[in-house]
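This report describes one predicted model. Please read it alongside the sequence and coordinates shown below.

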Amino acid sequence: MSLFTARLPVAAAALAILPAFAAHATAPTTDVAWDLVRDLTTQIGPRPAGSPAEARAREWAAARLKSLGFQNVAIEPFTMRAYRRGTDKAELVGFAAQPLAITALGYSGATPDAGITAPLVYFPTLAALEAVPDGSLAGKIAFIDHAMVPTQDGSGYGPYGNVRRKGPGVAVAKGALAVVIRSVGTDKHRNPHTGAIMWPKGIKPIPAGAVANPDADQIARLAATGQPLRLHLTLTGQIIDNAPSGNVVADLPGRDPTLPVVLVACHLDSWDLGTGAIDDGAGCAIVTAAALRAQSGGAPGGTLRTIRVLFAGSEELGGFGGEAYAQKHGKEPHALAMESDFGADRVWRVTTNFAPASDAVKNRIIAALNPLGVVPHDGPADGGEDVGAIIAAQKLPVVDLNQDGTHYFDLHHTPDDTLDKIDPALLAQNVQAWENTLAIVANEAGPIAAR
Ligand code: ZN
Ligand code: ZN
């Protein structure tokens, strides 16, 4: 616990951090959250699910959590289906010949090393691809466009994200040789956005990539000319079965160890293109720092309930860590679950799934967040991928501290997801919002009811 982070209001804490950071960017600071995300993104860097780098991240995280005073620190291994990137290249050939900025999507099928060349057929939407007859794209590469726009609540990731999650499976049903999509992102940089495909069961994966938004604009303009397009596509990544992954779990024991634990989660893996700063190094930094501050900031001896942190492994390829946690810990009682996995922009909204019987607790949380500019919202709270399985198994109460998502999908799953994109002042606001919330739910003697 530092002088800076001890009990200052968020603005003062931010001011205290900023000059030190600006003047000595590489000098040691004493801010738990900043130090954690800085060191994870610097000393480990990219840590794809199931990779040796992810294993190094687990060892690193376990050591860091121990040094911060966490107890029962455990690495809990599991295996999963991984994806290892190969060569990613695409170029239009013939009419308007030019290279394109492309990334393979997670679980893409592979082309031969020399690539494939085929007609590129433009579909303005996923629905337009779904409307063509099955088998009609034999020997062709489907291109799926879409029109995602930024929103504060990030809700566009549901429908537009399906272009990536489900579009490749639809392309297989239509007989396509390969599929390319407009990146699921809202920036105008030549950074393609990767992310996992959800293939339907029993389907043989085809090569599948995403081009950067400016390249997708180019393809849309070229398609509008009516000229036939041809693409040379090389995606040589491999799907790897039974790759080693794992979770890191650690406790801050409460004063009454017989009470169910409060679970706070993030994910430790990242995509390989960037260093996983906003997705999701920031989340691990926020939950860890807030748990420590809630423990030390109230009654002597810490919070009433144990606060458990879960650094989940292999979230990006399908939430394997959250499933493994629920399998291993599903019989232990949990009081409540929360997750931080939406970057490090400011918390602007709080949502719960509390039953009316727990309105008093909900109202205390709302009041504690109000000075930070956080507004209440009635929408359903779901926690997120890493706590979803345990929430479903135990019908847990959840608090979602929603971060402003207006800029999140400019960076998400791109090479630009790096430490410099995190504003220390906004990171501090996140930690404060989480601390205020944990100080209530981890000191609540009675059960909190989910609706
Ligand atoms: Zn994430
Ligand atoms: Zn992600």
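Strand β2 (residues 88-93) pairs with strand β9 (residues 229-235) in the antiparallel sense, over six bridges. Two strands count as paired if DSSP finds at least two bridges between them, and the elements themselves are DSSP runs numbered from the N terminus: helices are H or I of at least four residues, strands E of at least two. Within this pairing, Val-93 stands opposite Arg-230 in β9.

Both strands belong to an open sheet of eight strands with mixed pairing, in the order β3-β2-β9-β5-β6-β7-β8-β4. Its edges are β3 (98-100) and β4 (102-104), each of which pairs on one side only. From one strand to the next, the twist averages 30°. Helix α7 (residues 213-224) packs on the sheet and touches β2, β3, β5 (116-123), β6 (141-144), β7 (178-182), β8 (208-211) and β9; contact means heavy atoms within 4.5 Å. The direction of α7 makes about 135° with that of β3. Axes are lines fitted to C-alpha atoms, for helices over the stretch in contact, and angles run from 0 to 180 degrees between N-to-C directions.

The numbering and the thresholds are as follows. Residues are numbered from 1 along each chain as its sequence is written, while chains are lettered from A and ligands numbered from 1 in the order in which they are written. As the model is predicted, local features need pLDDT of at least 70 and side-chain atom pairs count only at pLDDT 80 or more, whereas totals for chains, interfaces and linings use all residues; side-chain values use heavy atoms, with hydrogens and water left out.

The metal sites are set out in the table. Donors are N, O and S atoms within 2.8 Å of the metal (3.2 Å for Na, K and Ca); water is not among the atoms, so sites may look incomplete.

| Ion | Protein donors | Distances | Donor angles |
|---|---|---|---|
| zinc ion (ligand 1) | His-267 (NE2), Asp-279 (OD), Asp-341 (OD), Asp-341 (OD) | 2.0 to 2.5 Å | 56 to 147° |
| zinc ion (ligand 2) | Asp-279 (OD), Glu-316 (OE), Glu-316 (OE), His-413 (NE2) | 2.0 to 2.4 Å | 57 to 143° |

The site of the zinc ion (ligand 1) is irregular, and that of the zinc ion (ligand 2) is irregular as well. Four donors count as tetrahedral if all angles lie between 85 and 135 degrees; four count as square planar and six as octahedral if opposite donors are over 155 degrees apart and all others between 65 and 115; anything else is irregular.

Along the chain, the donor residues of ligand 1 are spaced H-x11-D-x61-D. The two zinc ions are 3.3 Å apart, and Asp-279 coordinates both. Asp-279 lies in helix α8 (residues 277-297) and Asp-341 in the loop between β13 (334-339) and β14 (347-352), so this pair ties together parts that are 62 residues apart in sequence. Asp-279 is buried, at 3% relative accessibility; buried means under 20% relative accessible area, exposed over 50%, partly exposed in between (1.4 Å probe, protein chains only).

For ligand 2 the donor spacing is D-x36-E-x96-H. Glu-316, in the loop between β12 (307-312) and α9 (320-329), and His-413, in the loop between α12 (408-411) and α13 (424-441), link parts of the chain 97 residues apart. Both Glu-316 and His-413 are buried.

The structure holds one disulfide, a term for a pair of cysteine sulfur atoms within 2.5 Å. Cys-266 and Cys-284 form it, with their sulfur atoms 2.1 Å apart. The link is right-handed, with 95° about the S-S bond. Cys-266 is in strand β11 (residues 261-267) and Cys-284 in helix α8, 18 residues apart. Cys-266 is buried at 0% relative accessible area, and Cys-284 is buried at 0% relative accessibility.
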